[in-house]
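Trainee: I have a model open and would like to go through it with you, starting with the ligands. Could you take a look?

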Amino acid sequence: MRALEDDLFPSTPGKVKIERAGGAMNRQLHRCFASTSTMFLWALFLVAMTASYLSFQSFVDTSSKYFQASWGGLHWERQIRSSAAPRRPPGSSPNAGISVLVTGAAGFVGAHCSLALRKRGDGVVGIDNFNAYYDPSLKKARKALLASHGVYVVDGDINDARLLAKLFDVVPFTHVLHLAAQAGVRYAMENPSSYVHSNVAGLVTLLEACKSADPQPALVWASSSSVYGLNDAVPFSESHRTDRPASLYAATKKAGEEITHSYNHIYGLSVTGLRFFTVYGPWGRPDMAYFSFTRNILQGKPITVYRGRDHVDLARDFTYIDDIVKGCLGSLDTAGRSTGSGGKKRGPAPYRIFNLGNTSPVTVPTLVAILEKHLRVKAKKHVVEMPGNGDVPFTHANISLARHHLGYKPTTNLDAGLKKFVKWYLSYYGYTRGSSKSL
Ligand SMILES: NC(=O)c1ccc[n+]([C@@H]2O[C@H](COP(=O)([O-])OP(=O)(O)OC[C@H]3O[C@@H](n4cnc5c(N)ncnc54)[C@H](O)[C@@H]3O)[C@@H](O)[C@H]2O)c1
Ligand SMILES: *[C@@H]1O[C@H](CO)[C@@H](O)[C@H](O)[C@H]1NC(C)=O
């Protein structure tokens, strides 16, 4: 029972409380079989069975309440339909426009992509479970921003098969942009099951919904540069080894690449996997270094700068959010059709994987120096050796494949991108020591 509960709800801590009657029940059962005075103990046994039935019922009630609370009804369906309807500006491209289900739409990349799609006239419906991995109020603010542009974000979990079926029932989505995931490398040691919940189980639930939808949508989803793991041939190319992940996060993303391949192979689902390289920018993720550095520098707190072995600085191929958005939209626009229906494919469908990076790695001390310049505050640096907890020392993307097939061409360097990030940060959180809204 315990394992089941944890599988269902690990990424939403505190959202659901379920009574645990299992322990008491086991004790009673044990006493029943150890004793010979029968009548009384059979009665106890009955009580225990009833208790376990009731606790199961309350579990079922609680979970369906959790999954149903925020969706359904005619008004809701109208909102979904209106959000999903393409609205090409008059006189622009003659294409009808696409209808995209964006998972993780209240997340950093999801919110930016949803907005960009809406602005060019496509229909967008979002889904996000607003989990508390980082401050949900930032996710709520992104949702409000999307709402002001006519994009509706459903509060729901991608593990909720009934909700997904309902969404495909209401809207014949042409595309799914799947960005919902448990992100972060180090958090996997604290809460490993949240990675399985969202990145493996949730992915399969979503793929089942896509496979069953009629028509089947084309799927574009976020893998990660972390799949390169212990690979040290640079720059990282799509053909390099990805079978040596250095973290559970990376392992679940690699698993996602294999799982999506099987759905492509069996059901003819069109799949594009995107290996993002350290995405940053306005409305970014508070758990990432550039973000927490900014907060701490403004608050006069020390920042911890990790250094690799032999005093080599860590470096990342930081990629600005607008470039990533162009890569995602380019992927949606070039994704071939899915070929299946009714559980069978009519022919092969495309399966593609692309790096989306910036091709110019920057060391962490350089990142800090750029932040100091834009914030006009000196950082208190605390340099420590990197613990072996899953972060790789260096990432560098070879993007020639994405350039060729998606027309992907990043244009924002780290200095220009961080300038925009800092401007957003100060306007969102305020100037006063970086925290008019709490994080
Ligand atoms: N930002 C990066 O540097 C980076 C790098 C590589 C890969 N990625 C991948 O890109 C995608 C988007 O990342 P991001 O930076 O926007 O992260 P994010 O955490 O801001 O966005 C993910 C969103 O998904 C939601 N979510 C998580 N589990 C869910 C579930 N089970 N059901 C419904 N919603 C759920 C979260 O609430 C969150 O809003 C993720 O798949 C991530 O793994 C990001
Ligand atoms: C980049 O990848 C392409 C294949 O996509 C390959 O032909 C090329 O040699 C790679 N470049 C480098 C510098 O590794």
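Trainee: How many nonpolar, polar and charged residues are there in the shell around ligand 1?
Mentor: Bear in mind that this is a predicted model. By class, the shell around ligand 1 is made up of 13 nonpolar, 12 polar and 4 charged residues.

Trainee: And which residues come nearest to ligand 1?
Mentor: Out of 29 residues around ligand 1, the nearest are Gly-104, Gly-107, Phe-108, Ala-181 and Ala-222.

Trainee: Which helices and strands supply at least two residues each to that shell?
Mentor: Helices α5 and α8 (192-212) do, and so do strands β2 (123-128) and β5 (218-224). The largest share comes from α5, which supplies 3 residues.

Trainee: What about ligand 2, which residues are around that one?
Mentor: Around ligand 2 you find Pro-235, Ser-237, Asn-398, Ser-400 and Leu-401. That shell has 2 nonpolar and 3 polar residues, with no charged ones.

Trainee: Pro-235 caught my eye; is the peptide bond from Val-234 to Pro-235 cis or trans?
Mentor: The bond from Val-234 to Pro-235 is cis, with omega near -10°, and Pro-235 belongs to the loop between β5 and α9 (248-267). A cis peptide bond also joins Asp-214 and Pro-215, where omega is about 5°, and Pro-215 sits in the loop between α8 and β5.

Trainee: Back to α5, then: at what angle does α5 pack against α6?
Mentor: Helix α5 and helix α6 (residues 136-147) pack at an angle of about 5°, and their axes are 10 Å apart. That angle makes α5 roughly parallel to α6. On the α5 side Ala-111, Ser-114 and Leu-115 take part, and they meet Arg-142, Leu-145 and Leu-146 of α6. By class, this contact of α5 with α6 has 4 nonpolar residues, 1 polar and 1 charged.

Trainee: And how does α5 pack with α11, what are the angle and the axis distance?
Mentor: For α5 (residues 108-119) and α11 (residues 321-334) the angle is about 60°, with the axes 10 Å apart. That makes α5 oblique to α11, and the crossing of α5 and α11 is right-handed.

Trainee: Which residues meet there?
Mentor: Val-109, His-112, Cys-113, Ala-116 and Leu-117 of α5 meet Ile-321, Ile-324, Val-325, Cys-328 and Leu-329 of α11. The contact of α5 with α11 divides into 9 nonpolar residues and 1 polar, with no charged residues.

Trainee: Changing topic to the other end of the chain, what is the angle between α12 and α14?
Mentor: Helix α12 (residues 364-375) and helix α14 (residues 414-429) pack at about 45°, and their axes are 10 Å apart. That angle makes α12 oblique to α14, and the crossing of α12 and α14 is right-handed. Helix α12 makes the contact through Leu-367, Ile-370, Leu-371, His-374 and Leu-375, while α14 uses Leu-414, Asp-415, Leu-418, Lys-419 and Val-422. By class, the contact of α12 with α14 has 7 nonpolar, 1 polar and 2 charged residues.

Trainee: Where is Arg-376, and is Arg-376 buried or exposed?
Mentor: Arg-376 is in the loop between α12 and β15 (380-385). Arg-376 is exposed, because 7 other C-beta atoms lie within 10 Å. Phi of Arg-376 is near 55°, a positive value in a residue other than glycine.

Trainee: And Thr-278, why does Thr-278 count as buried?
Mentor: Thr-278 counts as buried because 20 C-beta neighbours lie inside 10 Å, and 20 or more is what a buried residue needs. Thr-278 has a positive phi, near 25°, in a residue other than glycine, and lies in the loop between β6 (271-276) and β7 (279-280).

Trainee: What is Val-176 in contact with, beyond its neighbours within four places in sequence?
Mentor: Val-176, which lies in strand β4 (residues 175-178), is in contact with Leu-101, Cys-210, Pro-217 and Leu-219. Val-176 is buried, with 28 other C-beta atoms within 10 Å.

Trainee: Last one, how many helices and strands does the protein have?
Mentor: The secondary structure comes to 14 helices and 15 strands, and 42% of the 439 residues count as buried. Among contacts between residues at least 6 apart in sequence, 80% join residues at least 24 apart.

Conventions. Residues are numbered from 1 along each chain as its sequence is written. Chains are lettered from A and ligands numbered from 1 in the order in which they are written. This is a predicted model: local features need pLDDT of at least 70, side-chain atom pairs count only at pLDDT 80 or more; totals for chains, interfaces and linings use all residues. Axes are lines fitted to C-alpha atoms, for helices over the stretch in contact, and angles run from 0 to 180 degrees between N-to-C directions. Helices (H or I, at least four residues) and strands (E, at least two) are DSSP runs, numbered from the N terminus. Angles under 35 degrees count as roughly parallel, over 145 as roughly antiparallel, 65 to 115 as roughly perpendicular and the rest as oblique. A crossing is left-handed if the near helix is turned anticlockwise from the far one by less than a right angle, and right-handed if clockwise. Two residues are in contact if their C-beta atoms, placed from the backbone, lie within 7 Å. Ala, Val, Leu, Ile, Met, Phe, Trp, Tyr, Cys and Pro count as nonpolar, Asp, Glu, Lys and Arg as charged, and the others, Gly among them, as polar. A residue is near a molecule or strand if its C-beta atom, placed from the backbone, lies within 6 Å of it. A residue is buried if 20 or more other C-beta atoms lie within 10 Å of its own, exposed if 12 or fewer, and partly exposed in between; C-beta atoms are placed from the backbone.
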